[in-house]
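Welcome to this structure. Here are some notes to read alongside it, moving from the whole chain to single residues.

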Amino acid sequence: MKLSEYFLPTLREDPAEAEAVSHRLMLRAGMIRKLASGIYSWLPMGLRTLRRVENIVREEMDRAGALEVLLPLVQPAELWKETGRWDNFGKELLRFKDRKEHDFCLGPTHEEVITDLVRREVRSYRDLPLILYQIAPKFRDEIRPRFGVMRAREFLMKDAYSFDADEEGLNRSYEAMYEAYQRIFSRCGLRFRAVLADTGAIGGSESHEFMVLAETGEDRLALCEACGYAANVELAESKKEFSYPEEKERPLEKVATPGVKSVEEVAAFLGVPPSKLVKTLLFRAGGEVVAVLIRGDLELNEVKLRNLLGVPEVEMADAETVKRVTGAPVGFAGPVALSGVRILADLSVRGLRNFVTGANEADAHLVNVNYGRDFPEPEFYDLRVVSEGDPCPRCGRPLAVTRGIEVGHIFKLGTKYSEAMRATFLDREGKERPLVMGCYGIGIGRTVAAAIEQNHDHAGIIFPREIAPFEALILTLGPEAELMEISERIYHTLNSSGVETLWDDRDERPGVKFKDADLIGIPFQIIVGRRFKETGRVEVKERSTGQREDLLPEEVVKRLQGSA
């Protein structure tokens with residue numbers, strides 16, 4: 001493709017709307033354009049990259065024995081009501097009525113639709129195992145779409161679903177998908193880790209997230225280099241033992257703390273370390289209010305709390321609820337004389353003596369608080385987010401905490417959906433049993449964005465060759481006939497040899513061409529200019545390393561094919 005005939009609207013300046021690196025570079029490189037909040041058009045350069053990822057995914061899914069289907073984006077409410085998710089999924093589910101006043105939604109995922117399809121067609125154990133997948137748009141009405149296609153409302157996703165006769169079969173399907181995902185992200189040229197993860201709104205008994213490692217990632221990961229343990233911090237267990245020196249209980253005392261609310265402010269005001277404070281956090285969970293105690297210098301893990309309570313979600317109590325329960329404004333809650341709520345505590349609080357809490361009174365805190373004396377001993381659980389250096393829950397060696405971007409997620413669903421929707425089959429004995437399911441997702445556009453977050457520099461994108469929109473870019477630096485002729489010869493030779501090549505034949509200054517070349521991140525730049533006129537050689541630059549070499553035109557194909 002000649003760049004003079006291509007649609008590539010690059011930008012010189014960073015767009016004001018762009019927060020993430022990938023968002024900024026995808027806009028500047030002419031890959032995407034915003035239509036509405038969280039909704040993007042993919043331009044030719046972006047679409048080529050999207051299709052490269054999509055093709056890798058499709059090849060590996062087919063290799064793993066999955067069969068491709070295409071399911072409707074518009075889904076009837078009746079299916080979602082069967083599983084209870086019509087009411088439980090939340091506002092991310094975009095609901096609407098058709099002209100006959102029937103309820104529908106735009107599919108954020110397809111568990112209900114695929115289960116309905118299979119329950120109508122699968123009758124016997126002889127039809128199993130079965131894995132179906134699609135690569136299709138999804139829509140989730142995110143409250144805060146951000147980071148471009150990283151967290152968009154409309155996005156392209158590969159979702160697969162396995163159906164087996166028993167747990168053993170599910171384990172085999174899950175392992176097959178796990179290995180397929182390993183191949184997919186390896187082929188995409190990405191540095192990634194598979195980590196244990198929370199099942200969230202999808203549900204099920206076990207799940208793994210596939211995380212592209214990047215400093216800009218939203219997710220925090222706990223990794224052990226010694227034994228290979230890897231988990232999202234949402235799920236990572238804390239095995240740290242908290243021990244405190246013996247301390248005689250001192251008299252409880254109320255201290256005025258006017259206008260002082262945060263841990264840091266209270267600690268500074270009272271002259272104590274944050275570890276001597278105990279935060280009292282109030283949550284609404286399943287129709288009740290619970291109080292959670294955790295040391296002031298630690299972070300509560302809301303996913304652990306949600307899983308402990310067995311509710312779909314927990315949310316911080318609003319100011320009105322805090323006032324009703326504690327009698328005080330937000331920032332002054334404490335466990336002493338707190339009645340009518342269940343009190344839970346992180347393990348970090350066990351053994352702590354003479355600590356500081358809110359006094360359930362505006363502008364006041366209590367010092368020398370002790371459970372068992374000043375309030376009943378709470379229920380202790382692991383409720384905190386793990387920290388750098390905490391012991392690995394498997395081998396005890398120190399954990400490292402790093403960041404990653406989720407690009408894939410696989411789940412063991414079990415019979416959650418099949419039982420709710422009566423999706424059954426007849427086993428060898430003729431007994432009716434529910435299908436055992438798994439589901440497996442990959443964000444196609446998100447993978448493109450994650451690749452850019454992991455592979456870029458100050459000048460622009462550095463695409464891994466496997467997913468680059470083109471493998472080579474010819475830069476013709478001048479309008480002279482001999483430069484145009486040799487450029488065209490190299491261009492046709494490369495394309496006919498299977499090296500997809502873009503030719504910048506525009507009548508532009510060399511500086512403009514070099515800036516665009518580095519911005520769009522094509523792996524190899526073939527520079528045809530003054531050096532060719534002087535030596536008969538062209539310059540080949542590798543975008544990822546900056547390495548340059550002079551080659552005869554007939555050597556270029558061999559060089560690039562040898563780098564594949």
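1. A contact here means heavy atoms within 4.5 Å. With that in hand, look at the chain as a whole: among contacts between residues at least 6 apart in sequence, 68% join residues at least 24 apart. Please keep in mind that this is a predicted model.

2. Next, the overall dimensions. The C-alpha atoms fill a box of roughly 95 × 70 × 55 Å along the principal axes, and the chain is built with 15 helices and 31 strands. Of its 564 residues, 53% count as buried. The accessible surface comes to about 25,600 Å², and carbon and sulfur atoms hold 48% of that area.

3. Now the charges. The protein chain carries 79 positive and 92 negative charges, and the mean positions of the two sets are 0 Å apart. In general, side chains of opposite charge can pair when their charged atoms come close. How many salt bridges does a search of the whole structure find? The count is 56, and the next points walk you through a few of them.

4. Start with Glu59 and Arg187, whose side chains form a salt bridge with an N to O distance of 2.7 Å. This pair links distant parts of the chain, since Glu59 belongs to helix H2 (residues 44-63) and Arg187 to helix H6 (residues 167-187), 128 residues apart. Glu59 counts as partly exposed because its relative accessibility is 43%. Arg187 is partly exposed too, with a relative accessible area of 31%.

5. A second pair is Asp141 with Arg153, where the closest N and O atoms of the salt bridge are 2.9 Å apart. Both residues lie in the loop between strand E7 (130-139) and strand E8 (154-164), so the salt bridge ties together parts that are 12 residues apart in sequence. Are the two partners buried or exposed? Asp141 is partly exposed at 23% relative accessible area, while Arg153 is buried at 17%. The cut-off for buried is under 20%, so Arg153 with its 17% falls on the buried side.

6. The third pair joins Lys304 to Asp382, with 3.0 Å between the closest N and O atoms. Here again distant parts of the chain are linked: Lys304 is in helix H8 (residues 302-309), Asp382 is in the loop between strand E20 (379-381) and strand E21 (400-414), and their positions lie 78 residues apart in the numbering. Lys304 counts as buried, at 11% relative accessibility, whereas Asp382 is partly exposed, at 23%.

7. Some salt bridges share partners. Which residues do they join into one network? The members are Arg12, Asp504, Arg506, Lys513 and Asp516. Two of these, Lys513 and Asp516, also appear among the buried residues of helix H13 (residues 510-520). The other buried residues of H13 are Val512, Ala517, Asp518, Leu519 and Ile520. Just after H13 comes Gly521, which takes a positive phi of about 75°.

8. Stay in this region for Leu475, which sits in strand E27 (residues 472-476). Leu475 is buried, with a relative accessible area of 0%. Leaving out residues up to four places away in sequence, Leu475 touches Asp504, Lys513, Phe514, Ala517, Gln525, Ile526, Ile527 and Val528. Its C-alpha is 5.1 Å from that of Asp504, although the two residues are 29 apart in sequence.

9. Arg446 is another residue to look up. You will find Arg446 in helix H11 (residues 444-454), and at 16% relative accessible area Arg446 is buried. Setting aside neighbours within four places in sequence, Arg446 is in contact with Val149, Met150, Arg151, Glu218, Ile405, Glu406 and Val407.

10. To finish, go to the surface. Which residues gather there in a patch of negative charge? The patch is made up of Glu313, Glu315, Asp318 and Glu320. Glu320 has its place in helix H9 (residues 319-326). With 68% relative accessibility, Glu320 counts as exposed.

Methods:
Residues numbered from 1 in each chain as written. Predicted model: local features only at pLDDT ≥ 70, side-chain atom pairs only at ≥ 80, totals over all residues. Heavy atoms only, no water. Patch = residues over 30% accessible without salt bridge, like charges linked within 9 Å, V, L, I, M, F, W, Y side chains within 5 Å. Areas by Shrake-Rupley, 256 points an atom, 1.4 Å probe, with all protein chains shown as cover. Salt bridge = Lys/Arg side-chain N within 4 Å of Asp/Glu carboxyl O. Lys, Arg positive; Asp, Glu negative; His and termini not counted. Charge placed at Lys NZ, Arg CZ, Asp CG, Glu CD. Helix = DSSP H or I, 4+ residues; strand = E, 2+ residues; numbered from the N terminus. Buried < 20%, exposed > 50% of the residue type's maximum accessible area, 1.4 Å probe, protein only.
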